[in-house]
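Thank you all for coming. I would like to walk you through one structure this morning, going from the chain as a whole to one helix and then to a cavity.

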Amino acid sequence: MPFHKQVLTQHVFISPDGKYILFPMNSFSLSRGLSLGIALTVYGREEEADTLIEQMTRDQDPILRYGVMYALALAYRGTANNKAIHQLLHFAVSDVSDDVRRTAVLALGFVLYNEPEQTPRIVSLLSESYNPHVRYGAALAVGISCAGSGLSEAISLLEPLTSDVVDFVRQGALIAMAMVMIQTNESYDSRVGAFRRKLEKIILDKHEDTMSKMGAILASGILDAGGRNVTIKLKSKSKHDRLTAVVGLAVFTQFWYWYPLTYFISLAFSPTALIGLNSDLKVPKFEFLSNSKPSLFDYPKLTTQQTATTSVKVPTAILSTYAKAKSKAKKDAESKAKEKAEMVPPSEDASAASTSMQVRVAGLIDGCQVELTALFDLI
């Protein structure tokens with residue numbers, strides 16, 4: 001019988017194939033890696049993994065419950081199993097750990113990727129949650145489930161999340177939007193061009209926060225991945241699951257903890273270019289019939305850098321000291337003009353009056369001289 005017990009610094013599990021699993025608890029990064037490893041061991045096992053999943057869901061350690069969300073996602077990948085969906089939704093709204101809630105919502109994308117039309121409907125309420133971790137998980141769930149589909153409902157759900165108030169929610173929404181819009185151009189959906197311009201604006205804005213800018217850079221890379229000749233496909237042409245693609249996306253989502261894991265998304269890429277070779281590995285001239293419009297396969301227009309710069313007149317800043325100096329200069333100019341006006345030469349009437357005054361003074365002076373001379377003679 002499978003059992004679970006906690007022994008000092010490690011957990012003991014029995015996997016579905018009967019092997020013991022020792023789970024150390026003294027390192028967060030190691031524990032998280034092992035919990036994801038346990039989830040990978042039950043890939044595609046469905047009901048056979050229920051016993052192990054039940055053991056891990058009852059554990060008090062949030063890292064183990066985090067791992068069991070991936071176990072549910074990978075055990076029931078692409079099956080749209082109602083029991084798995086119910087369990088994931090239960091943890092998404094009731095668990096006390098934000099990591100577990102975020103991963104539970106995200107895992108819905110793996111369970112539902114065979115029926116992408118259902119995902120926006122199921123996570124629509126979760127995308128409006130008060131908890132930003134739940135909103136982030138809803139964005140990536142839509143991105144994983146609807147990857148490469150260009151689904152209009154998915155784009156409509158992700159659009160408001162790209163302008164969320166929380167930076168990491170914007171990051172997840174930008175990445176998820178790029179996953180949905182990969183291999184889609186403006187002739188298919190006009191919102192693709194607006195999204196590309198938004199990415200360019202975020203990347204070039206030096207005031208944008210780091211989380212959003214990183215999401216925009218990753219989204220731009222996903223849109224143009226493989227020279228715009230690849231898409232994200234979790235199913236083969238024969239409708240079978242692509243194991244490497246599913247596992248690659250599961251590990252890619254761990255970039256939340258370690259950025260170098262973003263490279264795992266390349267495992268989910270599938271080429272869409274039509275390349276013909278002959279026995280000499282040379283490209284022969286050949287023709288093929290396509291019933292779709294050529295505009296659906298057009299590459300986006302190349303961005304052109306603006307060369308002509310228009311000069312914009314910037315209003316001059318006026319300092320308070322400048323205003324005081326200008327007022328003082330005006331007063332000085334007025335006082336100087338007043339002094340200059342007082343020094344203007346007198347008119348003819350004024351000169352005549354001054355001449356008669358000079359004559360009278362001269363007469364008085366002469367009279368004084370006469371009187372003084374007469375007085376001197378008497379003495």
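Among contacts in the chain between residues at least 6 apart in sequence, what percentage join residues at least 24 apart? For this model, which I should say at once is a predicted one, the answer is 63%.

Let me stay with the whole chain for a moment. Its secondary structure comes to 15 helices and five strands, and of its 379 residues, 40% count as buried. The chain exposes about 23,200 Å², and of that area 59% is supplied by carbon and sulfur atoms.

Now please turn to helix 7, which runs over residues 132-145. At 1.5 Å a residue its 14 residues should span 20 Å, and because its end C-alpha atoms are indeed 20 Å apart, the model agrees with that expectation. Helix 7 is also mostly covered, with 13 of its 14 residues buried. At its N-terminal end, Asn-131 acts as a cap, placing a side-chain oxygen 2.9 Å from the backbone nitrogen of His-133.

Helix 7 brings us to the cavity. A search of the whole structure finds one cavity of 30 Å³ or more, and the largest cavity has a volume of about 60 Å³. Two or more lining residues come from each of helix 3 (62-75), helix 5 (98-111) and helix 7, and helix 5 gives the most, with three residues. If you would like to find the cavity on the screen, the residues that line it include Tyr-66, Arg-102, Tyr-136, Leu-140 and Trp-256.

How values were computed:
Residues numbered from 1 in each chain as written. Predicted model: local features only at pLDDT ≥ 70, side-chain atom pairs only at ≥ 80, totals over all residues. Heavy atoms only, no water. Helix = DSSP H or I, 4+ residues; strand = E, 2+ residues; numbered from the N terminus. Expected span 1.5 Å × (residues − 1). Buried < 20%, exposed > 50% of the residue type's maximum accessible area, 1.4 Å probe, protein only. Polar contact = N/O pair within 3.5 Å; in protein donor to acceptor, adjacent residues only side chain to side chain. Contact = heavy atoms within 4.5 Å. Areas by Shrake-Rupley, 256 points an atom, 1.4 Å probe, with all protein chains shown as cover. 1 Å grid on protein atoms, 1.4 Å probe; cavity = no way out; pocket = protein on both sides within 12 Å on 5 of 7 lines; lining within 4 Å. Points joined across faces, edges and corners; volume = space filled by probe spheres on them.
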